[in-house]
Amino acid sequence: MPTLKELQDQLDDQQGTIDQAQAILEDAYTPEASRADLVAAVSEAIDVLAGEEEEEEEEEDEQD
């Protein structure tokens, strides 16, 4: 059974991921944003939420 500290660390990691995705979407949400800009932001936010960004960074680190 996970300890309270482990659970808190998991919650903190998940909150960080949510905050990152929210920042991406908020930055893109402007009156002058094009449809392509918005699609790119949504795609990036989905990648962050799915954990794909971390996996790509880990793969790059392993290749170096």
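**Exercise 1.** Find the buried residues of helix 1 in this predicted model, and say what they pack against.

*Solution.*
Step 1. Locate the helix. Helix 1 covers residues 4–28, which is 25 residues.
Step 2. Apply the cut-off. Buried means under 20% relative accessible area.
Step 3. List the residues. Thr17, Ala21, Ile24 and Ala28 are the buried ones in helix 1.
Step 4. Look for their partner. These buried residues pack against helix 2.

**Exercise 2.** Compare the span of each helix with the span expected at 1.5 Å a residue.

*Solution.*
Step 1. Take helix 1. From first C-alpha to last, helix 1 reaches 36 Å, close to the expected 36 Å.
Step 2. Take helix 2. Its 16 residues reach 22 Å, close to the expected 22 Å.
Step 3. Check what comes next. Gly51 follows helix 2, and its phi is positive, near 85°.

**Exercise 3.** Which residues of helix 2 are buried, and which are exposed on the other side?

*Solution.*
Step 1. Pick out the buried residues. In helix 2 these are Ala41, Ala45 and Val48.
Step 2. Place them around the axis. They lie on the same side of helix 2 because their arc is only 60°.
Step 3. Turn to the other side. Arg35, Ala36, Val39 and Ile46 are exposed there.

**Exercise 4.** Which residues form a nonpolar patch on the surface?

*Solution.*
Step 1. Start from Ile46. This residue belongs to helix 2, residues 35–50.
Step 2. Add its patch partners. Leu25 and Val42 form the patch together with Ile46.
Step 3. Give the area. Together the three have about 250 Å² of accessible area.

Definitions and conventions. Residues are numbered from 1 along each chain as its sequence is written. This is a predicted model: local features need pLDDT of at least 70, side-chain atom pairs count only at pLDDT 80 or more; totals for chains, interfaces and linings use all residues. Side-chain values use heavy atoms; hydrogens and water are left out. Patches are made of residues with over 30% relative accessible area and no salt bridge: like charges are joined within 9 Å, nonpolar side chains (Val, Leu, Ile, Met, Phe, Trp, Tyr) within 5 Å. Accessible areas come from the Shrake-Rupley method with a 1.4 Å probe; for residues, only the protein chains shown count as cover. A salt bridge is a side-chain nitrogen of Lys or Arg within 4 Å of a carboxyl oxygen of Asp or Glu. Helices (H or I, at least four residues) and strands (E, at least two) are DSSP runs, numbered from the N terminus. The expected span of a helix is 1.5 Å times one less than its number of residues. Buried means under 20% relative accessible area, exposed over 50%, partly exposed in between (1.4 Å probe, protein chains only). The arc is that of the directions from the helix axis to the C-beta atoms. Contact means heavy atoms within 4.5 Å.
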